Amino acid sequence: MAKSLYLVVSAASAPEGAPDLVRRLQADGWSVVCLSTPLGRRFHDPGELERLTGQPVRVEYRMPGTGRSLPPPDLVLACPLTFNSTNKFANGHADNFAIGLLCEMVGYAVPTVVAPSCKPQLASHPAFRRSLDTLASIPSVTLVHGTDAPGGTGLPSWEELVRTVGAQAGP
């Protein structure tokens with residue numbers, strides 16, 4: 001049985017493309033469910049993500065008694081997570097489904113890998129540094145960023161990210 005992973009995307013570009021990340025995660029044995037912030041749909045190809053996962057990209061809360069519940073996750077990957085979404089998650093501002101889900105996963109202690117992505121100018125804002133410190137203080141959260149990215153602003157390669165996800169998943 002495949003391990004279940006929630007991939008949360010937001011309104012940031014991913015140089016290698018979210019579909020490629022999904023393919024790599026699936027090749028590593030993950031069953032992937034994609035969730036997106038409302039603006040994230042414009043930055044990622046929901047049709048391709050749905051084709052790859054066999055499930056619609058979830059953007060909105062479902063109404064009680066409608067649709068299917070998500071399968072419980074073994075791990076959550078938030079990538080790419082924008083300046084705004086990183087700050088919202090760290091401060092518990094659950095104003096959309098994707099961020100609300102991230103906040104809820106903290107309560108369940110589900111391992112969560114967060115890959116922030118924003119311009120260095122935004123990363124220099126004191127609120128962002130505080131948000132990264134807050135997220136780093138949560139036992140179930142692991143922050144990752146590219147090695148050449150100052151202040152946690154850039155994405156690691158998908159290969160590095162898949163390795164990190166695997167390491168967080170345990171045996």
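In which sense do β1 and β3 pair, and over how many bridges? In this predicted model, the two strands pair in the parallel sense, and four bridges connect them. Within that pairing, Leu7 stands opposite Leu77 of β3. On β3 there is a further pairing to follow, since four bridges also join this strand to β4, again with the two running parallel, and here Leu77 stands opposite Val113 in β4. Seven of the seven residues of β3 are buried, so the strand is largely enclosed by the rest of the structure.

The two leucines just met also belong to the largest nonpolar core, which has 26 residues and in which Leu5, Leu7, Leu21, Leu25, Leu77 and Leu161 touch the most other members. At least two residues of this core come from each of β1 (3-9), α1 (18-27), β2 (30-36), α2 (46-53), β3 (75-81), β4 (112-116) and α7 (158-169). Leu25 illustrates how such elements are brought together: leaving aside residues up to four places away in sequence, Leu25 touches Leu5, Trp30, Val32, Leu77, Val162 and Val165. Apart from the largest core lies another, of 21 residues, which includes Leu35, Val76, Phe97 and Ile99.

The helix α2 can be read from its beginning to its end. At the N-terminal end, Asp45 acts as a cap, with a side-chain oxygen 3.2 Å from the backbone nitrogen of Gly47. Further along, Leu49, Leu52 and Thr53 are buried; seen down the helix axis, the buried residues of α2 fall within an arc of 85°, so they line one face of the helix. An α-helix has 3.6 residues a turn, so residues three or four places apart point the same way. The buried residues of α2 pack against α1 and β2, and just after the helix Gly54 takes a positive phi of about 80°.

Finally, the structure holds two aromatic pairs. In one of them, the rings of Tyr61 and Phe97 have centres 5.2 Å apart and planes at 75°, so this pair is edge-to-face. It links distant parts of the chain, with Tyr61 in the loop between α2 and β3 and Phe97 in helix α4 (residues 97-108), 36 residues apart. Phe97 counts as buried because its relative accessibility is 13%. Phe83 and Phe128, by contrast, form a stacked pair, 5.7 Å centre to centre with 25° between the planes, and this pair too links distant parts of the chain, from Phe83 in helix α3 (residues 83-91) to Phe128 in helix α6 (residues 126-136), 45 residues apart. Phe83, at 18% relative accessibility, counts as buried, and Phe128, at 0%, counts as buried as well.

Terms used:
Residues are numbered from 1 along each chain as its sequence is written. This is a predicted model: local features need pLDDT of at least 70, side-chain atom pairs count only at pLDDT 80 or more; totals for chains, interfaces and linings use all residues. Side-chain values use heavy atoms; hydrogens and water are left out. A nonpolar core is a set of buried Ala, Val, Leu, Ile, Met, Phe, Trp, Tyr and Cys residues joined through side-chain atoms within 4.5 Å. Buried means under 20% relative accessible area, exposed over 50%, partly exposed in between (1.4 Å probe, protein chains only). Contact means heavy atoms within 4.5 Å. Two strands pair if DSSP finds at least two bridges between them. The arc is that of the directions from the helix axis to the C-beta atoms. A polar contact is a pair of N or O atoms within 3.5 Å; within protein, one must be able to donate a hydrogen and the other to accept it, and residues adjacent in sequence count only if both atoms are side-chain atoms. Rings of Phe, Tyr and Trp (its six-membered ring) pair if their centres lie within 6.5 Å; planes under 30 degrees apart count as stacked, over 60 as edge-to-face and the rest as tilted.
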